[in-house]
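Got a minute to look over a fold before heading back to the bench? Here is a quick briefing on how the strands, one helix and one enclosed space fit together.

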Amino acid sequence: MQEAMARAARIRLMIFDVDGILTDGSLHYAPDGEMIKTFNVLDGHGIKLLQQSGVATAIISARKSAIVAKRAADLGIPYLFQGVHDKLEAFEDLLAKTGIGKEECGFVGDDVIDLPILMRVGFAASVPNGHGEVKSRVHYVTKAGGGQGAARELCDLILRAQGNYEAALAPYLK
């Protein structure tokens, strides 16, 4: 845990996968073929608190969905890469756009498609139901599942590691 906290303390950009991380990984299809996803409000507020503390946020997802674009817009996530099958290429593009070094980035993913990024970032995380090959290679595995508070757990961990947790809560403790 000490290593994970030390790594989280250096994060300037936190990147999230979607399916299995910001959602529980289930795919629901409406009769017209439209995909429906369920997001967790605690995760969303955690992302907002992280942004307010000065940590940039991004999404890199292999699947493309209008609902993900809407969720990213609602949360003010400025960097959104969807329909990306080479996640490493998107990651390198993101680094070029932000000027942030890979060691100052965190990424949370759950499947082998996420390994190229997870193996390069300064802080790599996964969820309890992530693929075994992924969980064996990350710095931190959340207690909460994807779509069930995992992103919030990571946001809180980063805020604590950077000494910003109390300041993030202060407006709510008046």
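What follows is a short tour of the sheet, its middle strands, one arginine and a cavity.

Keep in mind that this is a predicted model. At its heart for this briefing is an open sheet of 6 strands, paired in parallel, in the order β5-β4-β1-β6-β7-β8. A search of the whole structure also turns up 1 cavity of 30 Å³ or more.

**The sheet, from edge to edge**

- The edge positions go to β5 (79-81) and β8 (140-141), and each has a single partner strand, so one side of each has no neighbour in the sheet.
- At the β5 end, strand β4 (residues 56-60) runs parallel to β5, and 3 bridges join the two.
- Within that pairing, Ile59 has Leu80 of β5 as its bridge partner.
- Strand β1 (residues 13-16) pairs with β6 in the parallel sense, over 4 bridges.
- Next along, β6 and strand β7 (residues 123-126) run parallel and are joined by 3 bridges.
- At the other end, 2 bridges link β7 to β8, again in parallel.
- Ser126 takes part there, with Val141 in β8 as its bridge partner.

**A closer look at β6 and β7**

- As background, side chains in a regular strand alternate between the two faces of the sheet.
- In β6 (residues 105-108), Cys105 and Phe107 point one way while Gly106 and Val108 point the other, and all of them are buried.
- Being buried here takes a relative accessible area under 20%.
- Strand β7 is covered on both faces: Phe123 and Ala125 are buried on one side, and Ala124 and Ser126 are buried on the other.
- Val108 is a handy landmark, since you can follow it in two directions: Phe16 stands opposite Val108 in β6, and Val108 in turn stands opposite Ala125 in β7.
- Phe107 has its own counterpart in β7, standing opposite Ala124.

**A helix across the sheet**

- Helix α7 (residues 150-161) lies across β1, β6, β7 and β8.
- Relative to β1, helix α7 runs at about 170°.

**Arg7, a link between distant parts of the chain**

- Arg7 sits in helix α1 (residues 2-9).
- Is Arg7 buried or partly exposed? Its relative accessible area is 22%, so Arg7 counts as partly exposed, given that buried means under 20%.
- Arg7 and Phe123 are 116 residues apart along the chain, yet their C-alpha atoms are separated by 5.4 Å.
- Leaving aside residues up to four places away in sequence, Arg7 touches Val121, Gly122, Phe123 and His139.
- Phe123 therefore ties this part of the story back to β7, where it is one of the buried residues.

**The cavity**

- The largest cavity has a volume of about 40 Å³.
- Which residues line the largest cavity? They are Leu22, Phe39, Asn40, Asp43, Gly44, Ile47, Arg71 and Leu75.
- By class, that lining has 4 nonpolar, 2 polar and 2 charged residues.
- Two helices, α2 (41-52) and α3 (66-75), each supply at least two residues of the lining.
- Helix α2 gives the largest share, with 3 residues.

Terms used
Residues are numbered from 1 along each chain as its sequence is written. This is a predicted model: local features need pLDDT of at least 70, side-chain atom pairs count only at pLDDT 80 or more; totals for chains, interfaces and linings use all residues. Side-chain values use heavy atoms; hydrogens and water are left out. On a 1 Å grid over the protein atoms alone, a cavity is a set of points where a 1.4 Å probe fits but cannot get out, and a pocket is an open set with protein on both sides within 12 Å along at least five of seven lines; lining residues have an atom within 4 Å of a point. Grid points are joined across faces, edges and corners, and a volume is the space filled by probe spheres set on the points. Ala, Val, Leu, Ile, Met, Phe, Trp, Tyr, Cys and Pro count as nonpolar, Asp, Glu, Lys and Arg as charged, and the others, Gly among them, as polar. Buried means under 20% relative accessible area, exposed over 50%, partly exposed in between (1.4 Å probe, protein chains only). Contact means heavy atoms within 4.5 Å. Two strands pair if DSSP finds at least two bridges between them. Axes are lines fitted to C-alpha atoms, for helices over the stretch in contact, and angles run from 0 to 180 degrees between N-to-C directions.
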